[in-house]
Amino acid sequence: MALGSGNDTPRLATREEMRDAKVPLAYRDSCANLLIPLNRCRFETYYLPWKCEDERHSYEKCQYVEFKKRVAKMDELRAAKGGARSN
C-alpha cells in the first residue's frame, strides 16, 4: 500500500504500552501510538527542537486528521438537527 493513501489504519497503542510510557490520560487517544516514540526521542535528545522532526510531524498530522474527523461529525450532527447549534 502506498504511503499517505489514507486507507491504512495505524495500530493503536494498548493500555499497557501507554501506562509503561507514562502517557498522561489526556493524551491517550488514537494518536498515542505516535506519541510514545516521539516522547522517547525527545527524552533521548534532550528536547532539542531540531531533533525528532519526523516523529513530531507524524504525531501532529494524526492530531489534525482526528480534529477534522470531529469537525465533520459535528457538522453532520448539526445538519441532522437542521442547523441548530447545541450551545
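Helices and strands are taken here as DSSP runs, of at least four residues for a helix and at least two for a strand, and they are numbered from the N terminus. On that basis, the secondary structure of the protein chain consists of 3 helices and 0 strands. The model is a predicted one. Read along the sequence, the elements follow the pattern α-α-α. The chain has 87 residues, and buried residues make up 16% of them. The exposed surface of the protein chain comes to about 7300 Å², of which carbon and sulfur atoms supply 56%. Among contacts between residues at least 6 apart in sequence, 27% join residues at least 24 apart.

Two of the helices were compared with their expected spans. Helix α2 has 13 residues and reaches 18 Å from its first C-alpha to its last, close to the 18 Å expected at 1.5 Å a residue. Helix α3 has 28 residues and reaches 40 Å between its first and last C-alpha, close to the 40 Å expected at 1.5 Å a residue. A positive phi is found just after each of these helices: Y46, just after α2, takes a value of about 60°, and G82, just after α3, takes a value of about 75°.

The structure holds 2 disulfides. With bonded cysteines counted along the chain, the disulfides follow the pattern 1-4, 2-3. One disulfide joins C31 to C62, with an S to S distance of 2.0 Å. The angle about its S-S bond is -85°, and the link of C31 and C62 is left-handed. This pair links distant parts of the chain, 31 residues apart: C31 is in the loop between α1 (15–20) and α2 (32–44), while C62 is in helix α3 (residues 53–80). Residues count as buried when their relative accessible area is under 20%. C31 is therefore buried, at a relative accessible area of 0%, and C62 is buried as well, at 15%.

The other disulfide joins C41 to C52, with an S to S distance of 1.9 Å. Because the torsion about the S-S bond of C41 and C52 is about -95°, this disulfide is left-handed. C41 lies in helix α2 and C52 in the loop between α2 and α3, so the pair ties together parts that are 11 residues apart in sequence. C41 has a relative accessible area of 14% and is therefore buried. C52 also counts as buried, because its relative accessibility is 9%.

The bonded cysteines also belong to the largest nonpolar core, which has 12 residues in all: A13, M18, V23, C31, A32, L35, I36, L38, C41, C52, Y59 and C62. Helices α2 and α3 each supply at least two residues of this core. The most is given by α2, with 5 residues. In soluble globular proteins, nonpolar side chains tend to be buried together.

The buried residues of α2 are considered next. In this helix, A32, N33, L35, I36, L38 and C41 are buried. What covers the buried residues of α2 includes α1 and α3. An α-helix has 3.6 residues a turn, so residues three or four places apart point the same way. L38 gives an example of the contacts made from this helix. Leaving aside neighbours within four places in sequence, L38 is in contact with C52, E55, R56 and Y59. Of these partners, C52 and Y59 are listed with L38 in the largest nonpolar core.

N33, which lies in helix α2, counts as buried because its relative accessibility is 16%. The side chain of N33 reaches the backbone oxygen of R11 at 2.7 Å.

Beyond the helix, T45 lies in the loop between α2 and α3. T45 has a relative accessible area of 18% and is therefore buried. When neighbours within four places in sequence are left aside, T45 is in contact with K51 and C52. C52 thus appears among the contacts of T45 and among those of L38, and C52 is also bonded to C41.

Definitions and conventions
Residues are numbered from 1 along each chain as its sequence is written. This is a predicted model: local features need pLDDT of at least 70, side-chain atom pairs count only at pLDDT 80 or more; totals for chains, interfaces and linings use all residues. Side-chain values use heavy atoms; hydrogens and water are left out. A disulfide is a pair of cysteine sulfur atoms within 2.5 Å. Buried means under 20% relative accessible area, exposed over 50%, partly exposed in between (1.4 Å probe, protein chains only). A nonpolar core is a set of buried Ala, Val, Leu, Ile, Met, Phe, Trp, Tyr and Cys residues joined through side-chain atoms within 4.5 Å. Contact means heavy atoms within 4.5 Å. A polar contact is a pair of N or O atoms within 3.5 Å; within protein, one must be able to donate a hydrogen and the other to accept it, and residues adjacent in sequence count only if both atoms are side-chain atoms. The expected span of a helix is 1.5 Å times one less than its number of residues. Accessible areas come from the Shrake-Rupley method with a 1.4 Å probe; for residues, only the protein chains shown count as cover.
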